[in-house]
Amino acid sequence: MSTYNFDYLDELEAEAIHILREVAGQFEKPALLFSGGKDSITLVRLAEKAFRPGKFPFPLVHIDTGHNFEETITYRDKMVERIGEKLIIGSVQESIDQGKVVEQTGKNASRNALQTVTLLDTIAKHQFDACIGGARRDEEKARAKERIFSVRDEFGQWDPKRQRPELWNIYNGKIHKGENIRVFPISNWTELDVWNYIRREKIELPSIYFSHERDVITRNGQLMAASPFLNMDDEDVVFRKQVRFRTVGDMSCTAAVESEATLIDDIIAEISASKISERGARLDDKVSEAAMEDRKKGGYF
Amino acid sequence: MNILKFFTAGSVDDGKSTLIGRLLYDTDSILADQLEALQSSNRKNDDGTIDLAILTDGLRAEREQGITIDVAYKYFQTEKRKFIIADTPGHIQYTRNMVTGASTANLAIILIDARNSVVEQTIRHSYIVSLLGIKHVVVCINKMDMVDYSETVYNSIIEKYKVLAQQLKLEDVTYIPVSALKGDNVVQNSGNMEWYEGESLLHFLEQVDTDHLDRSQLARMPVQWVVRPQTDELHDYRGYAGRVLSGTFNLNDKVNVLPSGASSTIEKIEFFDEELDAAHAGESVIIHLKDDVDISRGDTIVNASALPQESKLIEADLCWMDARALDTSIMYNIQHNSKVTKCKISEILHKVDINTLEKHAAEEFKLNDIGRVIVKTADALAFDLYDDNRANGSAILVDSRTNLTVGALMFRAAVE
């Protein structure tokens, strides 16, 4: 018998590919939610490994808050062109213009919560029955209990009490009309696993993940990129800082960390030593101890 | 570095959450902001130290009630291994959660309170470990600090457990005396139990060989998806995509495709931009066959030298997972890897009282019940016995009225 080396990244990769192929096999109209962040970029790579030389059996869907880092959009468009797959954009600005949601006000205003409505609208409009996302169980304690195939009702809601048992590697994707399933192929990966995979696969990332100089302000003890999307007043002092971002979300709720890390190796070293977890840099989780659980019940990713 | 998936079952009072919290805490797997949240929480131990159990209690209802009601997955890593913990509650009303957590694990930790020795729940947890075919068991005799770190107490518990292990055919059992609360023998070896010569729990978990490289002769790959680019340059390309469940497929191996029984030879094995000589258990690949056979999702490619069983009538262990009881008069869907077909539970052979291991006749099968049944399927399944091949010997039942997963099946025999 031949010997083979099947290390932890191989195993995580093989599991994710298996999950993506289950989505392809079990659903009529799946979609891959693409945020431009490293986790969804990893998903695209995994989809290439699952389906090439064929086409992806799903489009990419970007829920665009309109408050993006420019670098993310540049990256997105370049990547879509490279892989030659379809991109569907759901626009939060459009939801606002249509009066479906109301822009938040005040200092901590963000469009992060609004994107839930746009996401649900986009799902309804295209009748997606499965949405693949890059959430991981190590991110947050409510996520630690979410299934890989996670059912959402007609209103996009997650009910933690009515989760289906998920056994072995068998995923039950059966749903009623109007429901959809969120699928998380990299549930079992940690932040460090994702970075190690990106390094191994030599995956290109948006430049904001790496150290750069930027105008920032301090908000709730965290560094935020100064931008027209942030409600700033006279008390906010803008200064230059060498920073990078650990997650890529809406500009108004994604905090920067001070960093000199310009290479993936630096980032991996930094994360290994870090004492702030990844979601710690997201203001949207800080509202209450059960913040994530509440948003997930409401249809948030 | 490889991955060890392990399972823990325990009730609040065993200190299971404390044990996991301790593993995470002492391996520096708790990050500063999580620690801050911990410290600002008002749950503290009696001596004012942080209640590490909070780390594994995820949902709000659980925090409020102070109990674990679901399966929570936790991750940590040392230089030697990546660990995935499936953490489940241990009360009898959460049997289905335990079964779920145990289904993906290759090692189980059984916790025994040193003050109470082997009790009803020890039997229950050990039975589930045995039912789900977890090969490696670590029995942690916890709260040793409460029995003055007594070797005599420890030994008497081991003697008792050995009887149970034999009864349940648990072959690979390791015993470790610990105090999760104080940290004895969890990560560091304890100075309080000089008489214990074994390893600490973490050290053991780092070293244990869990045969993660499957040496099974049973090569199996359910086809999940057929890759057909249908472009000009790849006009005739037809690749069968799937994950190898068990065994190894080599180039030029003779294979059968089930259920049709068509035979062919492996022409090419691809993984993205690589061509491989072989595909091993766990790998997700694309296989090409020499002959033009009709294959679609739900079919299984197997090596011709070791065929699986094929039957429409299968004896299986069933764990019922739904609030609505089993109805032997209706049809369910059975999902066996990528194959879905209709089925009925045609007979209940017995139920098991998982607190005493006694079998008894039964008419009803309700939430958390476990027992032996006969499954009658519309299409024949190509399966192996669970003990021989876990991945191809298991299936779930789905209720087509609710689409819920209502049962877990472990195949024990084909009915002649």
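In the predicted model, B:Gly393 counts as buried, with 26 C-beta neighbours inside 10 Å. The residue lies in the loop that runs between strand E21 (370-383) and strand E22 (394-398) of chain B. When neighbours within four places in sequence are left aside, the contacts of B:Gly393 are B:Phe383, B:Asp384, B:Leu385, B:Tyr386, B:Asp388, B:Met410 and B:Phe411. The C-alpha atoms of B:Gly393 and B:Asp291 are separated by 28 Å in space, and the two residues by 102 positions in sequence.

Two further loop residues of chain B were examined for backbone conformation and burial. Most residues other than glycine have a negative phi, and most peptide bonds are trans. B:Lys143, in the loop between strand E5 (136-142) and helix H6 (151-167) of chain B, has a positive phi near 65°. B:Lys169 also has a positive phi, near 60°, and is placed in the loop between H6 and strand E6 (172-177) of chain B. The surroundings of these lysines can be set side by side: B:Lys143 has 24 other C-beta atoms within 10 Å and is therefore buried, the threshold being 20 or more, whereas B:Lys169 has 8 C-beta neighbours inside 10 Å and therefore counts as exposed, the limit being 12 or fewer.

Cis peptide bonds were found in both chains. In chain B, such a bond joins B:Leu258 and B:Pro259, with omega about 10°; B:Pro259 belongs to the loop between strand E11 (254-258) and strand E12 (262-271). In chain A, A:Arg52 and A:Pro53 are joined by a cis peptide bond, again with omega about 10°, and A:Pro53 is located in the loop between H2 and E2 of chain A.

Chain A is divided into domain 1, comprising residues 8-189 + 290-297, and domain 2, comprising residues 194-285. The C-alpha centres of these two domains of chain A lie 22 Å apart. Contact between the domains involves 29 residues of domain 1 and 26 residues of domain 2 of chain A. On the domain 1 side, the elements that give two or more residues are H2, helix H3 (70-83) and helix H8 (291-297) of chain A. H2(A) provides the largest share of that side, with five residues. By residue class, the domain 1 side that touches domain 2 of chain A consists of nine nonpolar, twelve polar and eight charged residues.

Between the chains, 46 residues of chain A are in contact with 53 residues of chain B. Helix H1 (8-26) and helix H2 (38-51) are the elements of chain A that give two or more residues to the side touching chain B. The largest share of this side, nine residues, comes from H1(A). The side of chain A that touches chain B divides into 19 nonpolar, eleven polar and 16 charged residues. H2(A) thus appears both among the elements facing chain B and among those on the domain 1 side that touches domain 2 of chain A.

The packing of H1(A) with H2(A) was also characterised. Two packed helices are described by the angle between their axes and the distance between the axes. The axes of H1(A) and H2(A) come within 9 Å and cross at roughly 75°. Because this angle falls in the range of 65 to 115 degrees, H1(A) is roughly perpendicular to H2(A). In the contact, A:Glu13, A:Ala16, A:Ile17, A:Leu20 and A:Arg21 of H1(A) meet A:Leu46, A:Ala47, A:Lys49 and A:Ala50 of H2(A). The residues of this contact comprise six nonpolar, no polar and three charged.

Helix H5 of chain A, residues 115-126, has twelve residues, and at 1.5 Å a residue its expected span is 16 Å; the end C-alpha atoms are 16 Å apart, which agrees. H5(A) is mostly covered, with nine of its twelve residues buried. The buried residues are A:Gln115, A:Thr116, A:Val117, A:Thr118, A:Leu119, A:Leu120, A:Asp121, A:Thr122 and A:Ile123. They pack against strand E2 (60-64), strand E3 (87-91), helix H4 (92-97), strand E4 (130-132) and strand E6 (180-183) of chain A. A:Gln127 follows H5(A) and has a positive phi, near 55°.

Key. Residues are numbered from 1 along each chain as its sequence is written. Chains are lettered from A and ligands numbered from 1 in the order in which they are written. This is a predicted model: local features need pLDDT of at least 70, side-chain atom pairs count only at pLDDT 80 or more; totals for chains, interfaces and linings use all residues. Helices (H or I, at least four residues) and strands (E, at least two) are DSSP runs, numbered from the N terminus. The expected span of a helix is 1.5 Å times one less than its number of residues. Two residues are in contact if their C-beta atoms, placed from the backbone, lie within 7 Å. Ala, Val, Leu, Ile, Met, Phe, Trp, Tyr, Cys and Pro count as nonpolar, Asp, Glu, Lys and Arg as charged, and the others, Gly among them, as polar. Axes are lines fitted to C-alpha atoms, for helices over the stretch in contact, and angles run from 0 to 180 degrees between N-to-C directions. Angles under 35 degrees count as roughly parallel, over 145 as roughly antiparallel, 65 to 115 as roughly perpendicular and the rest as oblique. Domain bounds come from an automatic or database domain assignment.
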